[in-house]
Amino acid sequence: MSARQVDDQGRLRHLLTLDGLPRDVLLRLLDRAHALQAQALAGGSREILAGKAVCTLFFEPSTRTRSSFQLAATRLGADVLNFDASTSSTSKGETAIDTLRNIEAMGVRGFVVRHQVDGAVAVLAESADAGTALINAGDGRSAHPTQGLLDMLTIRQAKGGDFSALKILMVGDVRHSRVARSDLHALRTLGAGEVRICGPRTLLPSDDTLQGCVVGEDLDAALGGADVVMMLRLQRERMQEGLISSIDDYHRDFGLTAERLRRAAADAVVLHPGPMNRGVEIDDDVADGPQSLILKQVANGVAVRMAVLEALLGDDRRATAH
Ligand code: CP
């Protein structure tokens, strides 16, 4: 996968996954996103992608990812085309590949794609012209690389750049979560000290996703001394019946309450990729409380997506693995 997204000169061609993305490319994207932060929330640098066009091609719903990509591309000066699958000719049977190639024919060279099928964005990347860049905005349960990057930026800003000093706890539905997979890929690349995973056995993957993690089902124990607590959404839309006994039981065993959070380090921070199921995986007073970085994640999403768009489409491409 990484061979397809980095060219022979070590330049980013597409962003499909954080799995195997070279550490220096990842760090360069985080550094650039940090530098772009002020511009991301006010004004931007409209000369960076002036004259270029970006299409958001979403076959699944989104609030944060789609909106922040639109803002990011606009603030870099690109023209933005928002493709709405529900009103498009895909409803007449046109394939995703034909859709991409037709919009490409209009001169669009950047595509931000979300699709419900694992690997769909990589397949589209193989069908694209040599000068076209694709960004995976979430495919099935496989990958959500810009979410992984914005989570790492948020942790780095809160806790510093030495990930080896951190105990990071991820809680909940890892099995269905592309966010969890991208976060785990990035945490490995950044050398996180200890990654703990906690959730019901039925919602944990049985493949090698959790290799090297400390895995358990006791949230009170897992929280002990944690520096970062990453809560995951219960993904009921991807879930077969019967994987959890009830929502009430799930909240009792795996919901993050203010009382539970006191077991973590005193300066622990709480992340959640959104959308939240309030009162299920996270209580209101934690989500809206002083340790929550959830809206900081959202703000960082604009800067990260500006950095990625610039790296892929800018004339002065920065994310080179040298
Ligand atoms: N975190 C995330 O991907 O949110 P959206 O589904 O709203 O884009």
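These questions and answers go through the sheet and the nonpolar cores of a predicted model.

Residues are numbered from 1 along each chain as its sequence is written. In this predicted model local features need pLDDT of at least 70, side-chain atom pairs count only at pLDDT 80 or more, totals for chains, interfaces and linings use all residues, and side-chain values use heavy atoms, with hydrogens and water left out.

Trainee: In what order do the four strands of the open sheet stand?
Mentor: Helices (H or I, at least four residues) and strands (E, at least two) are DSSP runs numbered from the N terminus. Two strands pair if DSSP finds at least two bridges between them. The edge strands, β2 (79-84) and β4 (133-139), each pair on one side only. The pairing is parallel, and the order is β2-β1-β3-β4.

Trainee: How many bridges join β1 to β2?
Mentor: Strand β1 covers residues 53-58 and runs parallel to β2. Within this pair, Cys-55 stands opposite Leu-81, and Val-54 stands opposite Val-80. The number of bridges is six.

Trainee: Is β1 largely enclosed or open, and why?
Mentor: In a regular strand the side chains alternate between the two faces of the sheet. In β1, Ala-53, Cys-55 and Leu-57 lie on one side and Val-54, Thr-56 and Phe-58 on the other, and all are buried. Buried means under 20% relative accessible area, exposed over 50%, and partly exposed in between, with a 1.4 Å probe and protein chains only. Six of the six residues are buried, so β1 is largely enclosed by the rest of the structure.

Trainee: Which residue in β3 stands opposite Phe-58?
Mentor: Phe-58 belongs to β1. The strands β1 and β3 pair in the parallel sense over five bridges. The residue opposite Phe-58 is Arg-114.

Trainee: Which helix gives the most to the largest nonpolar core?
Mentor: A nonpolar core is a set of buried Ala, Val, Leu, Ile, Met, Phe, Trp, Tyr and Cys residues joined through side-chain atoms within 4.5 Å. The largest one has 62 residues, and Leu-21 and Leu-309 are among those that touch the most other members. The top contributor, with ten residues, is helix α12 (residues 294-313).

Trainee: Where does this core lie relative to domain 1 and domain 2?
Mentor: The domain bounds come from an automatic or database domain assignment. Domain 1 is 23-143 + 299-313 and domain 2 is 145-297. Both give residues to this core, so it lies between them.
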